[in-house]
Each structure stands twice: as structure tokens, then as C-alpha cells.
Amino acid sequence: MNAVEAMPLPRLARIYAMDAWYEFLRVLRTPGAALPMLVFPGMFYLLFGVVFTGRNAQQAVYVLGSMAAFGVMSPGLFGFGIGVAVDRERGLLMLKRALPVPPGAYLAAKMAMALLFALLIFVILAVLATAFGGVRLAPLQWLGLLGAMGLGALPFCAIGLLIGSRASAQAAPALANLVYLPISFLSGLWVPMNAMPHLLQQLAPLWPAWYLGELSLRAVGMARAPMGPPIATLLLFTAVFFALAVRRLRRSG
């Protein structure tokens, strides 16, 4: 039995919690990473959900669902993915493997960081939607939207991990943007899918952001189809990209 396996459960839990908190603070104290993640979703909500809609409550709710999906993609792609690329290039991953800490603590901390940023983005959007968009949702709808954002963060953490496992620290931001912006547009988060060309509508189910957008819109009552299929598909995307990323990290390490 090694030192980690011999640790009592409270101490293991404390290690995971501390790693997660320090990872959150690390990203929060990096303005180039934290500010875009926290500012852009709210800024775009005010633009598309308030200014352009003229305080139309129904459209404001629709934009809330879309911007929630758009916003929650960034912590995984940027905070998670770029962080892994930087740590891998600096040798921090090898150092972590040599330390007497749980082997999953590193990835768990980054996952928790992404979920904490998802929570902050949710709070910002909820305040703006309520104060300026005239949005009024039932408590269960707010909880449903928060749950959709938490679940939606997972596949983009996995995609970010795959980017971080393959790209250099210099290339990772560009690759993350090449995923983030085109997929957001192609998934109908900027323009309603029914206004997109027919070919793009047919291709939309290829992108995880489309399922995230569908789940967010259903949570706020803008669609009435069952939530099961998008949830299952998002979990499938998470499993596939996570497996590819872990395989790559094992080969490189």
C-alpha cells in the first residue's frame, strides 16, 4: 500500500478540495483568461438579449439559454485546455506524478475550476437577465439551466484536455479559439438554427455545442422535447474526448 492509498478519507478529500480551490484562484488571478470567460457572455447577452430585442421577454429568455451555452464552453476550452498545455510544457505534469498526491487530483481540480467558473457565469447571466432583460423563470427552470451548464461544461473540459495534451502552450489558445467560435456559430448559439442554411442545419448534430444549446433552451422552456437525448449525447462526447486525451497523456508521459 502506497502513501496515498494509506491516507484517511478526510485528508484525501482535503487534498482534492485544496487543489480545486488553488486551481480556481490561479485562473481567476490571470486576467487574460478569467476576464473573457466572465465578461463576454454577459456582454453578448446585453447586446443580443436586451439592446437588439427591445426588452422582448420571450427573445430575452431565448438569448439567455443560448448565451448560457456559449459561456460555459470557455472554462473547459481555455481554463482547462490551455492550462494543461502550459503545465505539460513546463514539466509540471511530470512533477505531479512524482508527488505523493492522488493521481486524479490534478484533473479533478481543473474540472472543479471549470464548474466554479460555470457557476459564476450562471450568476452573472441570471442577474443581467432579471435586471435588464425582464426574464422571469420558475425556480426549477433556474435550477435546470444551472444543471445544463454544469453538464455542458464536461465535454468541453474533455475537448480542452485533448487540446492541452497535444498542443504547445503557444498553439493551444489558437486551437481553442478554432473550436470555440466556429462551433458556437455552427451550433446556432449566435443565429437561431432555423435561420441558418439548410446544410448547416443538417450538420448541427455533429457538434456538442448544439446539444448543449438544446439542453439549455429546454431548461428555460423554449423547447419541449425530452432532455434525455442531449444529456446522453453530451456524456458520450465527454467520455470519447476524455479517453482520447488520457491516452495521449499516457503516451507522452
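These exercises work through the fold and the aromatic pairs of one protein chain.

The model is predicted, so local features need pLDDT of at least 70 and side-chain atom pairs pLDDT 80 or more, while totals for chains, interfaces and linings use all residues. Numbering runs from 1 along each chain as its sequence is written, and side-chain values use heavy atoms, without hydrogens and water.

**Exercise 1. Describe the fold of the protein chain from its helices and strands.**

Solution.
- Step 1: count the elements. Helices (H or I, at least four residues) and strands (E, at least two) are DSSP runs, numbered from the N terminus. The protein chain has 10 helices and zero strands.
- Step 2: read the order. The pattern along the sequence is α-α-α-α-α-α-α-α-α-α.
- Step 3: judge compactness. The radius of gyration is taken over C-alpha atoms, and the globule rule is 2.2 Å times the number of residues to the power 0.38. The protein chain has a radius of gyration of 19 Å, close to the 18 Å the rule gives for 253 residues, so it is as compact as a globular protein of that length.
- Step 4: add the dimensions. The C-alpha trace spans about 60 × 40 × 35 Å along its principal axes.

**Exercise 2. Classify the pair F48 and W190, and place both residues in the chain.**

Solution.
- Step 1: apply the rule. Rings of Phe, Tyr and Trp (its six-membered ring) pair if their centres lie within 6.5 Å; planes under 30 degrees apart count as stacked, over 60 as edge-to-face and the rest as tilted. The count comes to 15 aromatic pairs.
- Step 2: classify. F48 and W190 are 5.7 Å apart centre to centre, with 75° between the planes, and the pair is edge-to-face.
- Step 3: locate. F48 sits in helix 2 (residues 31–51), and W190 in the loop between helix 7 (172–186) and helix 8 (198–203). They are 142 residues apart, so the pair links distant parts of the chain.
- Step 4: check exposure. Buried means under 20% relative accessible area, exposed over 50%, partly exposed in between (1.4 Å probe, protein chains only). F48, at 26%, is partly exposed. W190, at 25%, is partly exposed too.
- Step 5: widen the view. Ring pairs join F48 and W190 with F40, F44, F52, F70, F78 and Y180 in a cluster.

**Exercise 3. Explain why F237 and F241 count as stacked.**

Solution.
- Step 1: take the geometry. The ring centres of F237 and F241 are 6.2 Å apart and the planes lie at 10°, so the pair is stacked.
- Step 2: locate. Both residues lie in helix 10 (residues 228–252), four residues apart, about one turn of the helix.
- Step 3: check exposure. F237 counts as buried, at 17% relative accessibility.
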